[in-house]
Amino acid sequence: MKFRVVAFSTFALTLAGCAPSLNEVAVDARTERAVAAVHLDPHAAMAQLNAYRASKGLAPVRLDDSLDVMAQHQADAMAASGQLSHTVGGAFMTRLASDHIDAGEAGENLGAGYYSLNDAMAGWKGSSEHDANMLRPGFTRIGVAIAKNARTSYGVYWSMEFAGEPTPKGQAGLVAAGG
């Protein structure tokens with residue numbers, strides 16, 4: 001089983017660990033069943049993230065419907081293309097605007113090949129860029145989603161979107177996240 005994670009932060013405007021396009025692979029029944037069995041409970045993801053943040057003395061985040069939609073769009077785009085990429089669904093800043101995300105700061109964690117929330121979270125914790133996004137004090141909202149395509153090398157694609165509170169009127173726009 002292959003695992004790959006990438007983190008995105010608007011501060012550095014760099015992509016970390018992005019993979020090139022993946023070729024489709026032959027699918028055996030076992031792989032198809034394993035991919036089909038993967039499920040995501042967004043409330044469980046939020047709870048697990050909040051427990052991690054609490055262990056570091058940070059405030060909890062809450063689920064945000066708009067960020068869930070953004071996360072699903074990105075996961076779907078990756079699964080459809082077989083690419084683990086921050087840009088396959090469009091540039092991050094463009095996606096924020098098109099999904100009407102108003103935030104003082106925002107970031108994104110992507111992953112592929114994880115067959116459980118626990119594995120995805122462990123992968124993100126093991127990456128300094130992802131970990132920084134999960135532990136960024138200014139992030140107060142998340143959206144999380146998965147998409148599946150058993151005909152690709154990874155099978156399951158994960159997206160976790162982060163945002164702070166909306167920018168107060170009269171202040172500068174998006175403040176970039178570190179990582």
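Biologist: Which residues does Met121 touch, not counting residues up to four places away in sequence?

Modeller: This is a predicted model, in which local features need pLDDT of at least 70, side-chain atom pairs count only at pLDDT 80 or more, and totals for chains, interfaces and linings use all residues. Residues are numbered from 1 along each chain as its sequence is written, and side-chain values use heavy atoms, with hydrogens and water left out. With contact meaning heavy atoms within 4.5 Å, Met121 touches Gln48, Leu49, Met134 and Met160.

Biologist: Which helices and strands each supply at least two residues of the largest nonpolar core?

Modeller: A nonpolar core is a set of buried (under 20% relative accessible area, 1.4 Å probe, protein chains only) Ala, Val, Leu, Ile, Met, Phe, Trp, Tyr and Cys residues joined through side-chain atoms within 4.5 Å. The largest one has 24 residues, and Leu49, Met121, Met134, Trp158, Met160 and Phe162 touch the most other members. Helices (H or I, at least four residues) and strands (E, at least two) are DSSP runs, numbered from the N terminus. At least two residues of this core come from each of helix 2 (42-55), helix 5 (117-125), strand 5 (141-149) and strand 6 (155-163).

Biologist: How many residues are in the second, separate core?

Modeller: Among the members of this second core are Ala75, Leu84, Leu110 and Tyr154. The number of residues in it is nine.

Biologist: Is Ala45 buried or exposed?

Modeller: Ala45 lies in helix 2. Leaving out residues up to four places away in sequence, Ala45 touches Leu40, Leu117 and Val144. Because its relative accessible area is 0%, Ala45 counts as buried.

Biologist: How many residues of strand 6 are buried?

Modeller: Strand 6 runs antiparallel to strand 4 (residues 105-112), to which seven bridges join it; one of the partners is Trp158, paired with Gly111. Strand 5 is also antiparallel to strand 6, with nine bridges between them, and a hairpin joins the two through five residues. Strand 6 is largely enclosed by the rest of the structure, because its buried residues number nine of the nine.

Biologist: Which side chain meets that of Arg141 in a salt bridge?

Modeller: A salt bridge is a side-chain nitrogen of Lys or Arg within 4 Å of a carboxyl oxygen of Asp or Glu, and a search of the whole structure finds five. For Arg141, the N to O distance is 3.1 Å, and the partner is Asp64. The pair links distant parts of the chain, 77 residues apart: Arg141 is in strand 5, and the loop between strand 3 (62-63) and helix 3 (65-81) holds Asp64.

Biologist: Which residues are joined into one network by salt bridges that share partners?

Modeller: Arg95 forms a salt bridge with Glu108, the closest N and O atoms being 2.8 Å apart. Arg95 lies in helix 4 (residues 92-98) and Glu108 in strand 4, so this pair ties together parts 13 residues apart in sequence. A salt bridge of 4.0 Å, N to O, also connects the side chains of Arg95 and Glu161. The shared partners thus give a network of Arg95, Glu108 and Glu161.

Biologist: What is the nearest side chain of opposite charge to Asp131?

Modeller: Asp131 lies in helix 6 (residues 128-134). Apart from its neighbours within four places in sequence, Asp131 is in contact with Tyr52, Trp124 and Lys125. Lys and Arg count as positive and Asp and Glu as negative, while His and the chain ends are not counted. Asp131 is buried yet has no salt bridge, and at 6.2 Å the nearest side chain of opposite charge is Lys56.

How values were computed
Buried < 20%, exposed > 50% of the residue type's maximum accessible area, 1.4 Å probe, protein only. Pairing = 2+ DSSP bridges.
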